[in-house]
Amino acid sequence: MSPYLTSAGKWVLATGLIYMLAGVLLSSAVLLILGEIAVALVGISMLLAVPGATAIDRRMVTIELGDEKTNASGNLVGDEIAVDVHVVNRSAIALHHFEAQPFASHALQPKSTAGCPLVPAGGTAHGSTRLQTERPGRWTLHGFDVSVRDPLGLVETRDYLPATRSFEFYPKAGRMRGRRRRRQAQQLLYTVGQHAEDNIGAGTELRELRDYQ
């Protein structure tokens, strides 16, 4: 939960120090004041970033994933799947510039981060991320490396939030076979105990019977 300066924060701090140095060397009060203002902005940003980081560290902010049945199985290798991400903020502090980078099994590659410009205090923000793999199997999304910034965007803090979900990926060659097996299994559930006859009600000679595969 250590806060650090973003690129913008480093630029503002460096500019402030240069102005202060120039003000001292040139005995210019204006340059000195401008430098002090820039350095003060960085200090204020540091203070503003602490409450949000504390809320995440104390797990007052959680991440919930979308419907568990969505994209949990039946995915093919190489396909990108979208996962809905819901950021629940139970603290009294609004989170600015919230970003969540998926942390998953080595074979499950994140293609995008879930970002929310603002997570309101006591509210929920919604985003999504995309995952992909080139290896068949059952792979797990463990959680997210999250980052938040102060309202000015000069200071950023990072933490980890768990959110577990497993996904099954099948080889592309099994696309039609997998679909056909699932369709046959569903049909079987609806036709248990039924049979077809040549002449309904006229005899017991059955047709279209075969061994169960």
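This is a short selection-by-selection tour of a predicted model.

**Whole chain**

Start with everything shown. The protein chain holds three helices and 12 strands. Of its 213 residues, 32% count as buried. Now consider contacts between residues at least 6 apart in sequence: 69% of them join residues at least 24 apart.

**Helix H2**

Select residues 29–57. This is helix H2, with 29 residues. Put a distance label between its first C-alpha and its last. The helix reaches 42 Å, close to the 42 Å expected at 1.5 Å a residue.

Which residues of H2 are buried? Colour Gly35, Ala38, Val42, Ser45 and Ala49, then the run Gly52, Ala53, Thr54, Ala55 and Ile56.

Next, show what covers these buried residues. The cover includes helix H1 (7–26). It also includes several strands: S1 (4–5), S2 (61–65), S5 (95–104), S9 (137–149) and S10 (155–170).

Step past the end of the helix to Arg59. This residue follows H2 and has a positive phi, near 60°.

**The H1–H2 pair**

Hide the strands and keep H1 and H2. How far apart are the axes of H1 and H2, and at what angle do they pack? The axes lie 7 Å apart, and the angle is about 155°. Angles over 145 degrees count as roughly antiparallel, so H1 is roughly antiparallel to H2. The crossing of the two is left-handed.

Turn on side chains at the contact:

- From H1, select Gly9, Val12, Leu13, Gly16, Leu17, Tyr19, Met20, Ala22, Gly23, Val24 and Leu26.
- From H2, select Leu31, Leu32, Leu34, Gly35, Glu36, Ala38, Val39 and Val42.

Colour this set by residue type. The contact divides into 14 nonpolar residues, four polar and one charged. Three of the H2 contact residues, Gly35, Ala38 and Val42, appear in both selections, as they are also among the buried residues of H2.

**Asp145**

Bring the strands back and go to S9, one of the elements covering the buried residues of H2. Pick Asp145, which is found in this strand. Is Asp145 buried, exposed or partly exposed? Its relative accessible area is 33%. Buried means under 20% and exposed over 50%, so Asp145 is partly exposed.

Show its neighbours, leaving out residues up to four places away in sequence. Asp145 touches Glu99, Ala100, Gln101 and Phe103, along with Asp159 and Tyr160.

Finish on Arg158. Asp145 and Arg158 are 13 residues apart in sequence. From C-alpha to C-alpha, the two are 7.0 Å apart in space.

Key:
Residues numbered from 1 in each chain as written. Predicted model: local features only at pLDDT ≥ 70, side-chain atom pairs only at ≥ 80, totals over all residues. Heavy atoms only, no water. Helix = DSSP H or I, 4+ residues; strand = E, 2+ residues; numbered from the N terminus. Expected span 1.5 Å × (residues − 1). Buried < 20%, exposed > 50% of the residue type's maximum accessible area, 1.4 Å probe, protein only. Contact = heavy atoms within 4.5 Å. Axes fitted to C-alpha atoms, helices over the stretch in contact; angles between N-to-C directions. Parallel < 35°, antiparallel > 145°, perpendicular 65-115°, else oblique. Left-handed = near helix turned anticlockwise from the far one by under 90°. Nonpolar A, V, L, I, M, F, W, Y, C, P; charged D, E, K, R; others polar.
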